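Student: I would like to take a close look at one part of this protein, the places where aromatic rings meet, and then see how the parts around them are arranged. Could you walk me through it slowly?

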Amino acid sequence: MRAYLLGLLIGYPFFTTAQSATPPCDCPSVLQQVSRKVADNYAGWTDKVTAKTKPAHTRLLDSLQQQATKATTDADCFQLLKAYKAFFRDGHFQVELRNTGSAATPAPAPVVGVRTIPLSEAQAQQLLLDKAKKHHPVEGIWETPERSYKLAIIPDPQSADSLVGVVLASTNPRWTPGLVKLKLATRNPAAGQVLYRNGAFEEESLRLAQMGNLFRIGGYGYWLRRFPQAVTETEQQTVARQAIPIEFRQLSPQVAYLRVTSFNTPKAQVDSMVRVHQSALRQTPTLIIDIRDNGGGSNSSFASLLPLMNTNNFQDTHTYMRTSPDNIAAEEAMVARARAGHWDTDSVLNVWATDVAQAKAHPNQLYRTEGSLLKMDSVLTNPVRVAVLMNANCYSSAEYFAFYAKQSRKATLFGQHTGGVMDYGNVRNQVLDCPRFVVRLPTTRSGWVDTAPIDNRGFQPDVVIPATEPDWVDYVVRYYQSPTEQPRR
């Protein structure tokens, strides 16, 4: 099965079954069904549950089943599902707890295990204006662009070498004022490593990058400072520009810049951008393609970018599809949606449908499809060199783009390693008897798992850009201007 859709296609049940009037949502039943769906449909099952790891898997599942009998809320059960998911260490394996709005759905569980610091906005302002203290550059009152959260980042009252981000206001009713959303060590401010709790209270270790009155955490976007300094008009424009999914800029006669924040951006929109700026692209020797923080989507989205860095065509890896009945049904439904939505040309969709039909003829196995050669019409004179900017928030299709770029003699990967979730792809919903819980599983296995797996490692850059570098685009420009810079061979 070729990697047609490798993104996190979230929230769409690709096929449905009739639900009973009172779905069996007791936690033992949910956990049992999820574990069965994983064993039957997950493309990484035979790699993850081996003779060596099977005892640990069995012990974990037995332990979780015992705990499930004591789970009294959906939130309790969801934590057990996440513990089961963690065994597989696969970012494409997803679990979710839905709020269906049903009267039968228990109220959200109270927040436990999250530190609270009583703090009003007036008190925060007083702390931030205290001239007797030396303030860290990231201290201040910050908001998300859509004003969904307001945080005061202040010294940690319990630790002299840390800062904490305390919620002052939130549109999420569970994130009440006083809850600590992030913690930042100040001993090495340049590292910018934070412990951050997302909207679901899951703690993550992420990187904070500050640029004046802006900062961004991992893949969660920008925060804007409101006090004691406020964002400038230029900084506001930076945030507004980042909200646009695709952007082209001519930085100089020698350098063009093309940014794609998501490969869920419709193919037609990317094609149009390349077509509109075709003349500039063919006159500019250096092209920077910025895919930082690109969480993936569809490989077809970036098809028009490949000719810009082509030198010797592009070879797909072979793939394996887990040809279970659930996966085949999901794939057939996806092809139907693709046709109805005109996601790609008829010729591409026809090949996809043929692949699904061939896989269906080999049920209940890992069915191998050989990788195809993507033939390009020509090698363009310009751009002469292509810099691909990437970071640890590049996932899925963005990683597949990096895989193609590594095959080009024109292209150089700059930045930091990708997120490392591309060993298993083509994520599809699994229908559960209890609709309040959602499970999405990768249904295909990349051929490179046989020789060089990348899960939890990512694709490595050719040129590492230090995390302390404030302007990666300028870094690339300076790199190519350096007399010691050598073209990639």
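Student: To begin with one residue, is F403 buried or exposed, and what is its relative accessible area?

Tutor: Please keep in mind throughout that this is a predicted model. F403 has a relative accessible area of 15%, and because buried means under 20%, F403 counts as buried. Its ring forms an aromatic pair with the ring of F459, with 6.3 Å from centre to centre and 35° between the planes, and this pair is tilted. F403 belongs to helix α12, which covers residues 397-405, while F459 is found in the loop between β20 (437-446) and β21 (463-464), so the pair ties together parts that are 56 residues apart in sequence. F459 is buried as well, with a relative accessible area of 8%. Both residues also belong to a cluster, in which ring pairs link F263, F302, F314, Y400, F401, F403, Y404, W448 and F459.

Strand β21, which follows the loop that holds F459, leads us to a sheet. This open sheet has six strands in the order β10-β11-β12-β17-β18-β21, and its pairing is mixed. Its edge strands are β10 (246-252) and β21, each of which pairs on one side only. Within the sheet, strand β17 (residues 385-390) and strand β18 (residues 411-415) pair in the parallel sense, over five bridges, and A387 stands opposite T412 in β18.

A search of the whole structure finds 28 aromatic pairs. One of them joins F215 and W223, whose ring centres are 5.9 Å apart and whose planes meet at 15°, so this pair is stacked. F215 counts as buried, at 0% relative accessibility, and W223 is buried too, with a relative accessible area of 1%.

The surroundings of this second pair can be followed strand by strand. Strand β8 covers residues 214-217 and pairs with β9 in the antiparallel sense over three bridges. Strand β9 covers residues 222-227 and is mostly covered, since five of its six residues are buried. The two strands form a hairpin with four residues between them, and there G218 takes a positive phi near 45°. R216 stands opposite Y222 in β9, and the charged end of R216 sits over the ring of Y222, at 4.5 Å from its centre. The two residues are therefore related in two ways, as opposite positions in the strands and through a charge placed over a ring. Strand β9 also has another partner, because strand β2 (residues 140-143) pairs with β9 in the antiparallel sense over three bridges, and the bridge partner of W142 in β9 is R225. Elsewhere, K181 lies over the face of W175, at 4.2 Å from the ring centre.

Finally, we can turn from rings and strands to helices. Two packed helices are described by the angle between their axes and the distance between the axes. The axes of helix α1 (residues 27-41) and helix α3 (residues 54-68) come within 8 Å and cross at roughly 155°, which makes α1 roughly antiparallel to α3. The crossing in which α1 passes α3 is right-handed. Helix α10 (residues 325-341) and helix α11 (residues 346-360) pack at an angle of about 165°, with their axes 10 Å apart, and α10 and α11 are therefore roughly antiparallel to each other. The crossing of α10 and α11 is left-handed.

Technical notes:
Residues are numbered from 1 along each chain as its sequence is written. This is a predicted model: local features need pLDDT of at least 70, side-chain atom pairs count only at pLDDT 80 or more; totals for chains, interfaces and linings use all residues. Side-chain values use heavy atoms; hydrogens and water are left out. Rings of Phe, Tyr and Trp (its six-membered ring) pair if their centres lie within 6.5 Å; planes under 30 degrees apart count as stacked, over 60 as edge-to-face and the rest as tilted. Buried means under 20% relative accessible area, exposed over 50%, partly exposed in between (1.4 Å probe, protein chains only). A charge sits over a ring if NZ of Lys or CZ of Arg is within 6 Å of the ring centre and within 35 degrees of the ring normal. Two strands pair if DSSP finds at least two bridges between them. Axes are lines fitted to C-alpha atoms, for helices over the stretch in contact, and angles run from 0 to 180 degrees between N-to-C directions. Angles under 35 degrees count as roughly parallel, over 145 as roughly antiparallel, 65 to 115 as roughly perpendicular and the rest as oblique. A crossing is left-handed if the near helix is turned anticlockwise from the far one by less than a right angle, and right-handed if clockwise.
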